[in-house]
Amino acid sequence: IESTAIIENNVYVGAMVYVGNNVKIANNVMIYPHCYIGDNVTIGPNSIIYPGVKIYRNCKIDKNCIIHAGVVIGADGFGYTPDKDCELAKVAQIGNVLIEQDVEIGANTTIDRATVGSTIIRKGVKIDNLVQIAHNVEIGEHTAISAQSGISGSCKIGKNCVLGGQVGVADHITITDGVRINAQSGIAKNISEKGATVQGSPAFNHFDFKRSYINFIKFPQFIKRLEKN
């Protein structure tokens with residue numbers, strides 16, 4: 001624990017934890033063994049940081065958050081640009097991650113720091129295990145994201161949305177409030193209809209998807225009939 005860190009009352013810090021310079025850890029926080037808390041990180045009261053969590057520099061976590069084992073918060077976003085020799089040059093990632101109150105993040109999920117500004121997880125968001133959230137993403141209040149989903153850079157997802165397992169969202173997509181995205185769907189364009197439910201890749205209205213799928217599974221029968229004729 002660096003000498004410039006501020007640790008308030010009734011805080012538990014487990015074995016083999018590193019706490020960096022100018023870190024602020026509020027009352028009743030629990031940090032389990034083998035965690036890394038980088039410089040200038042803030043952790044709000046009553047939050048729980050389970051074993052092996054890595055929180056990079058300048059990130060901020062509000063009160064009553066639960067961060068499960070193996071989570072990485074604030075790693076560099078995936079930003080590269082070709083130079084004159086067509087080699088990929090790294091773009092500096094100088095932003096941070098802001099996690100608001102009452103957020104729970106499942107094991108081995110990764111949330112990248114912003115290129116500039118902040119990647120933001122709004123209050124009450126619930127994120128499952130093995131989710132990837134890229135740089136400059138904003139997740140709205142009380143949205144739930146299931147396991148193995150991936151959200152590309154600079155996406156804006158509204159409040160009260162639900163993303164099923166293995167959903168993929170392309171970069172710079174905006175999804176409005178209350179949208180439900182069924183499992184294994186791919187989102188390639190903005191969704192502006194509040195409360196919509198979509199499915200498929202590329203995703204569209206889930207009722208239309210189901211009707212289309214009925215015809216799709218009958219397609220081999222249609223081919224056989226055509227061949228006979």
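This dialogue explains how to read several features of a predicted model.

Reader: How many helices and strands does the protein chain have?

Author: The protein chain of this predicted model contains one helix and 31 strands. Its C-alpha atoms fill a box of roughly 85 × 45 × 30 Å along the principal axes.

Reader: What share of the residues counts as buried?

Author: Of the 229 residues in the protein chain, 38% count as buried. The accessible surface of the chain comes to about 12,000 Å², and carbon and sulfur atoms account for 53% of that surface.

Reader: Among contacts between residues at least 6 apart in sequence, what share joins residues at least 24 apart?

Author: In the protein chain, 12% of those contacts join residues at least 24 apart.

Reader: I should next like to understand the charged side chains. How should a salt bridge be read, and how many salt bridges are there?

Author: The general idea is that side chains of opposite charge can pair when their charged atoms come close. In this structure, the count comes to four salt bridges. One of them joins D76 and K90, whose closest N and O atoms are 3.1 Å apart. This pair links distant parts of the chain, with D76 in the loop between β12 (72–75) and β13 (80–82) and K90 in strand β14 (residues 88–90), 14 residues apart.

Reader: Are D76 and K90 buried, exposed or in between?

Author: D76 has a relative accessibility of 33% and therefore counts as partly exposed. K90, at 47% relative accessibility, is likewise partly exposed.

Reader: Which residue forms a salt bridge with E100?

Author: E100 forms a salt bridge with R122, and the closest N and O atoms are 2.6 Å apart. Because E100 lies in the loop between β15 (96–99) and β16 (104–105) and R122 in the loop between β18 (118–121) and β19 (126–127), the pair ties together parts 22 residues apart in sequence. E100 is partly exposed, with a relative accessible area of 24%, and R122 is partly exposed at 23%.

Reader: With which residue does the side chain of R122 also meet in a salt bridge at 3.1 Å, N to O?

Author: The side chain of R122 meets that of E138 in a salt bridge, with 3.1 Å from N to O. Here too the pair links distant parts of the chain: R122 is in the loop between β18 and β19, whereas E138 is in strand β21 (residues 138–139), 16 residues away. E138 is partly exposed, at 25% relative accessibility. Salt bridges that share partners thus join E100, R122 and E138 into one network.

Reader: Where do the positive and negative charges of the whole chain lie on average?

Author: The protein chain has 22 positive and 20 negative charges, and their mean positions are 9 Å apart.

Reader: Let us turn to the cysteines. How should a disulfide be understood, and how many disulfides does a search of the whole structure find?

Author: A disulfide is a covalent bond between the sulfur atoms of two cysteines. A search of the whole structure finds zero disulfides.

Reader: Why does the sulfur of C35 form no bond with the closest cysteine sulfur?

Author: The closest cysteine sulfur to that of C35 belongs to C59 and is 14 Å away, which is too far for a bond.

Reader: Are C35 and C86 buried or exposed?

Author: C35 is buried, with a relative accessible area of 3%, whereas C86 is exposed, with a relative accessible area of 67%.

Notes
Residues numbered from 1 in each chain as written. Predicted model: local features only at pLDDT ≥ 70, side-chain atom pairs only at ≥ 80, totals over all residues. Heavy atoms only, no water. Helix = DSSP H or I, 4+ residues; strand = E, 2+ residues; numbered from the N terminus. Buried < 20%, exposed > 50% of the residue type's maximum accessible area, 1.4 Å probe, protein only. Disulfide = S-S within 2.5 Å. Contact = heavy atoms within 4.5 Å. Areas by Shrake-Rupley, 256 points an atom, 1.4 Å probe, with all protein chains shown as cover. Lys, Arg positive; Asp, Glu negative; His and termini not counted. Charge placed at Lys NZ, Arg CZ, Asp CG, Glu CD.
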